[in-house]
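Hi,

Here is the structure I said I would pass on. Have a look at it first, and my notes follow underneath.

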Amino acid sequence: MTALSNHVPDPRLITAFAERRDGPLHRVNPWTKAGTVGALVLAVTVFDRLALLAGLYGAVLVVYGLAGLPYRRLAGWYTLPLLFIVSVAGPLAFLEPGTPIGGALSTPLGELSVTWAGLVLFLELSCRSLTVVTFTLTASMTTKYTDVAYMLGRLLPRPIDQIALLTYRFTFVMIETLENLVKAALSRGANFSEFWSNKRLYARILGMTMLSAIEQSERLVKSMEARGYNGDITLYGDVSRPPTYELVVVIGSYVVVVGYAVVAVYGVGL
């Protein structure tokens with residue numbers, strides 16, 4: 001509990017992996033990774049079979065391992081997406097009609113039961129979410145910050161690119177402030193298993209933490225302005241065009257996904 005980075009993607013650790021490791025995926029062109037993320041988002045949207053989604057998720061996990069990244073850290077970082085999956089896909093599993101699995105669950109709203117179709121829907125949504133989260137983490141942990149900053153400067157209009165870069169910087173401030181909060185609370189005998197019984201107290205603590213983070217961010221901006229910041233972060237560096245074989249891979253992935261969508265909608269005979 002003393003390290004939020006065990007449960008929340010830590011930008012400090014992500015940057016360390018990107019800057020200090022040298023795995024196979026580190027040598028892939030950053031533009032190729034960005035294009036692959038787009039193809040992957042399109043794929044999890046178009047694919048409508050659990051076997052395809054599970055296979056895609058398994059392939060992404062293999063790529064994550066080949067990049068030399070730790071699976072144990074990834075499992076901890078699944079905390080936030082799993083909370084989203086349970087809160088969104090969980091109720092849908094009870095509402096999906098079909099053949100029930102086991103007995104019904106008695107609730108104030110009546111009897112609820114999970115059907116086989118509901119279980120499949122839950123697994124499909126889980127694979128969709130975890131696939132995108134896993135590959136996004138893989139790409140960010142294998143791409144240097146200067147390359148990411150350069151790409152943001154090329155892809156986003158001004159001043160959105162500056163806002164994105166500053167938001168990334170302020171994320172470090174927020175994480176450090178939250179970690180200090182957790183350590184201070186534990187050192188004073190706090191027990192997070194009693195969170196709900198003392199939620200008002202923790203809400204006030206969190207509010208003060210947010211105010212402290214805002215004050216630190218304002219001091220950071222003033223220090224940047226004192227050093228000549230005038231609303232423009234000049235990016236030194238260049239990301240070259242991807243090699244031909246990487247372009248072929250990215251284009252081929254889009255062709256496969258679009259082709260599957262066309263076949264799924266209009267039929268094989270078209």
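Let's start with helix 3 and helix 6, whose crossing is left-handed. Keep in mind throughout that this is a predicted model. The two pack at an angle of about 25°, with axes 9 Å apart, and that makes helix 3 roughly parallel to helix 6. If you want to colour the contact, the helix 3 side includes L50, L53, L56, Y57, V60, L61 and Y64. Among the residues they meet on helix 6 are V120, L123, C127, L130, T131, T134 and F135. There is some charge in there too, since E124 and R128 are on the helix 6 list.

Helix 6 has another partner in helix 5 (residues 79–95), again with axes 9 Å apart, but here the angle is about 155°. That makes helix 5 roughly antiparallel to helix 6, and the crossing of this pair is right-handed. From helix 5, the residues involved include P81, F84, I85, A89, G90 and L92. On helix 6 they meet G118, L121, F122, L125, S126, S129, L130 and V133. Note that L130 turns up in the contact with helix 3 and also in the contact with helix 5.

Stepping back to the overall layout: the protein has 10 helices and 2 strands. Read from the N terminus, the order is α-α-α-α-α-β-β-α-α-α-α-α. It has 270 residues, of which 29% count as buried. The accessible surface comes to about 16500 Å², and carbon and sulfur atoms account for 67% of that. As for contacts between residues at least 6 apart in sequence, 76% of them join residues at least 24 apart.

Now the rings. How many aromatic pairs does the structure hold? There are 2. One is F47 with Y260, edge-to-face, at 5.0 Å centre to centre and 80° between the planes. This pair links distant parts of the chain: F47 sits in the loop between helix 2 (30–46) and helix 3 (50–66), while Y260 belongs to helix 10 (residues 244–266), 213 residues apart. F47 counts as buried because its relative accessible area is 11%, under the 20% cut-off.

The other pair is Y64 with Y71, which is tilted, at 5.5 Å centre to centre and 50° between the planes. Is each ring's residue buried or exposed? Y64 is buried, at 0% relative accessibility, whereas Y71 is partly exposed, at 42%. Y64 is also one of the helix 3 residues in the contact with helix 6.

Back around F47, have a look at V46, which lies in helix 2. V46 is partly exposed, with a relative accessible area of 22%. Its C-alpha is 8.3 Å from that of V258, although the two are 212 residues apart in sequence. Neighbours within four places aside, V46 is in contact with V257, Y260 and A261. So Y260 shows up twice, as a contact of V46 and as the ring partner of F47.

Last item: helix 7 (residues 145–155). Which of its residues are buried? They are A149, Y150 and M151, and what covers them includes helix 2 and helix 8 (160–187).

Cheers

Conventions:
Residues are numbered from 1 along each chain as its sequence is written. This is a predicted model: local features need pLDDT of at least 70, side-chain atom pairs count only at pLDDT 80 or more; totals for chains, interfaces and linings use all residues. Side-chain values use heavy atoms; hydrogens and water are left out. Rings of Phe, Tyr and Trp (its six-membered ring) pair if their centres lie within 6.5 Å; planes under 30 degrees apart count as stacked, over 60 as edge-to-face and the rest as tilted. Helices (H or I, at least four residues) and strands (E, at least two) are DSSP runs, numbered from the N terminus. Buried means under 20% relative accessible area, exposed over 50%, partly exposed in between (1.4 Å probe, protein chains only). Contact means heavy atoms within 4.5 Å. Accessible areas come from the Shrake-Rupley method with a 1.4 Å probe; for residues, only the protein chains shown count as cover. Axes are lines fitted to C-alpha atoms, for helices over the stretch in contact, and angles run from 0 to 180 degrees between N-to-C directions. Angles under 35 degrees count as roughly parallel, over 145 as roughly antiparallel, 65 to 115 as roughly perpendicular and the rest as oblique. A crossing is left-handed if the near helix is turned anticlockwise from the far one by less than a right angle, and right-handed if clockwise.
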